[in-house]
Amino acid sequence: MNKPNTALALRWEYACVAAIIALWAFIMISKIGVGLIAGLAIFSMTRFARRSFQRLFGDPPVQRDKVALRWALAFLPTLLTTMVVVLGVTLLVLGFGAALRFVFESVSTQGPQLIEEAIRSINTVAGSLPPEIRDKIPGNSQEFFEMLRHATGDIMGYARNFGGASFFIFLQLVFALILGVSAALMTAAPEGKPLARTWMEVMERYVRCFTLLMGAQVYVSIWNTLCTAVFIYGILPSFDVVLPFRELLLMFTAIASLIPAAGNIMANTLILVLTIRFGVFVALGSVIYLFVIHKLEYFVNGYIIGRNVQASVPEMLIAIILGEVAFGLPGLITAPVTYAFLKMHWQKWGWV
C-alpha cells in the first residue's frame, strides 16, 4: 500500500526540483538575480528572527478571560520580527553605502598605484619567460587598462546605463524586502495537499542550501581576512618585508572571500604577485602560508555545511564559472547554491 504513495511522492519531488531549477534559470535570464539573492537573504533572516522570538515568548496562554493578552502575545513575535528585520536591512544598506564610498575612494586614490606595483612585480620575473609570453604582459597601467578595455568591451557604455540599472536594482531590493518578509511570516497549513507539501519541503531545502553556503562564506571571509592581516602586518614585517597598499589588499581579501572557491584564488593571486618582487623565498613562504590557511578553511566549511552537501572545490568552481559566464555576477553567486541543491537531491535519490 505504501509503495504507490512513495512512488507518487517521488514523482512530485522530481517535478518540484525541476520547477525550481527552471524558475532559477528564468530569474537569471530575466536579470532579476539581485532580487533573488536579496529575497533569499531577507527570508532567511526574517524566519530566524521570528523563530527566535517564538521560542523566547513561548505559547500564549489559553485562558478565555485573557483573550486580549493571548492575542497580543501571539502577535508580538511577528511585530518584533518585522521591526528587527526592517531595522537590520536599513543598517545594512547604510553600512553598505558607507563601505562602497570607502571602496571607491580607496580604489580611486590607491588603485592605480596598486596596479603599477603589481605590474612591476610581474615584470621583475618576466625576463625569464619566453618572448611570446613576455610581449603580452602590460608594461604600465595605461597598457593594462587598454588591454582591459579590449577584453571587457565599451566601459563607457556600462557607465551610461548605470543610472537605469541602479534604479532597476533598487526596485528589485524593495520587492525582495516585501516578498521575503511576507513569505517568512506566513504560517503553513498543518495538512496540505501532496503537491503543496512537497513544494514547501523542496523550497525549504533550497533556502537551507543558500543559508549554509552563504553563512559558510561569511565565516570564511572573516577567517581569511584575519589570517591575511596577521600575515601582512605581523609575519612579513618581522622579515623586513612591508607590502605596499596593505589596507586596500586586506579590503579586497575580505570582499573577494565572500565568493565561494573563486574568491580565495583571486585574493591569493594578488598577494603572490605583490610578494614576488621581494624574492623567491618570500613568495614561496606566501604560497605555503596561504595553502595552510585554505586547508584550515575546509574544517570551517565542513563544520558549517556538515554532511548535507558533499561538493568538492572543483565542482563548485565549475558551477561558479558556468554561472558567471551564463548570467554574470548573480549567476556567480547563485550557481553554487543551485548546484548544492541539485546534488543534495541526487544524493537523496541515490544517484551519486
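In the predicted model, K348 is partly exposed, because its relative accessibility of 49% falls between the 20% that bounds the buried class and the 50% above which a residue is called exposed. The side chain of K348 takes part in a salt bridge with E13, in which the closest N and O atoms are 3.1 Å apart. Since E13 belongs to helix α1 and K348 to helix α12, which covers residues 313-349, this pair ties together parts of the chain that are 335 residues apart in sequence. The two partners differ in their surroundings, in that E13 is buried, with a relative accessible area of 6%, whereas K348 counts as partly exposed.

E13 also meets the side chain of R205 in a salt bridge, with an N to O distance of 3.0 Å. Here R205 lies in helix α8 and E13 in helix α1, so that parts of the chain 192 residues apart in sequence are tied together by the pair. In this case both partners, R205 and E13, are buried. Taken together, E13, R205 and K348 are linked in a network of salt bridges, with E13 paired to R205 and to K348.

The count of salt bridges in the model comes to four. Among them is the pair formed by E315 and K343, whose closest N and O atoms are 2.9 Å apart. E315 is partly exposed, as its relative accessible area is 24%, while K343, with a relative accessible area of 10%, is buried.

Helix α8, which contributes R205 to the network, extends over residues 194-238. For its 45 residues, a rise of 1.5 Å a residue gives an expected span of 66 Å, and the end C-alpha atoms are 65 Å apart, so the computed distance agrees with the expectation. The helix nevertheless contains a kink of about 35°, which is centred on F231.

F231 is also among the contacts of L236, a residue that is itself placed in α8. Leaving aside neighbours within four places in sequence, L236 is in contact with F231, V241, L243, T275 and V282. Of these partners, V282 is separated from L236 by 46 residues in sequence, yet the two C-alpha atoms are 8.3 Å apart in space. L236 is classed as buried because its relative accessible area is 5%, a value under the 20% limit.

Two cysteines, C209 and C227, were also examined for accessibility. C209 counts as buried at 1% relative accessibility, and C227 likewise counts as buried, at 11%. The number of disulfides in the model comes to zero, a disulfide being a covalent bond between the sulfur atoms of two cysteines.

Backbone geometry outside the helices was considered next. Most residues other than glycine have a negative phi. Against this background, D240, which is not a glycine, has a positive phi near 60°. D240 comes just after α8 and is placed in the loop between α8 and α9, the latter covering residues 246-256. At 71% relative accessibility, D240 counts as exposed, because this value is over the 50% limit. A positive phi of about 60° is found for K31 as well, although K31 is not a glycine. The place of K31 is in the loop between α1, residues 2-29, and α2, residues 33-57. K31 is exposed, with a relative accessible area of 64%.

At the level of the whole chain, the secondary structure consists of twelve helices and zero strands. Of the 352 residues of the chain, 35% count as buried. Among contacts between residues at least 6 apart in sequence, 74% join residues that are at least 24 apart. The accessible surface of the chain comes to about 21600 Å², and 73% of this surface belongs to carbon and sulfur atoms.

Definitions and conventions:
Residues numbered from 1 in each chain as written. Predicted model: local features only at pLDDT ≥ 70, side-chain atom pairs only at ≥ 80, totals over all residues. Heavy atoms only, no water. Helix = DSSP H or I, 4+ residues; strand = E, 2+ residues; numbered from the N terminus. Buried < 20%, exposed > 50% of the residue type's maximum accessible area, 1.4 Å probe, protein only. Contact = heavy atoms within 4.5 Å. Disulfide = S-S within 2.5 Å. Expected span 1.5 Å × (residues − 1). Bend = angle between axes of the 7 residues up to and from the residue. Areas by Shrake-Rupley, 256 points an atom, 1.4 Å probe, with all protein chains shown as cover.
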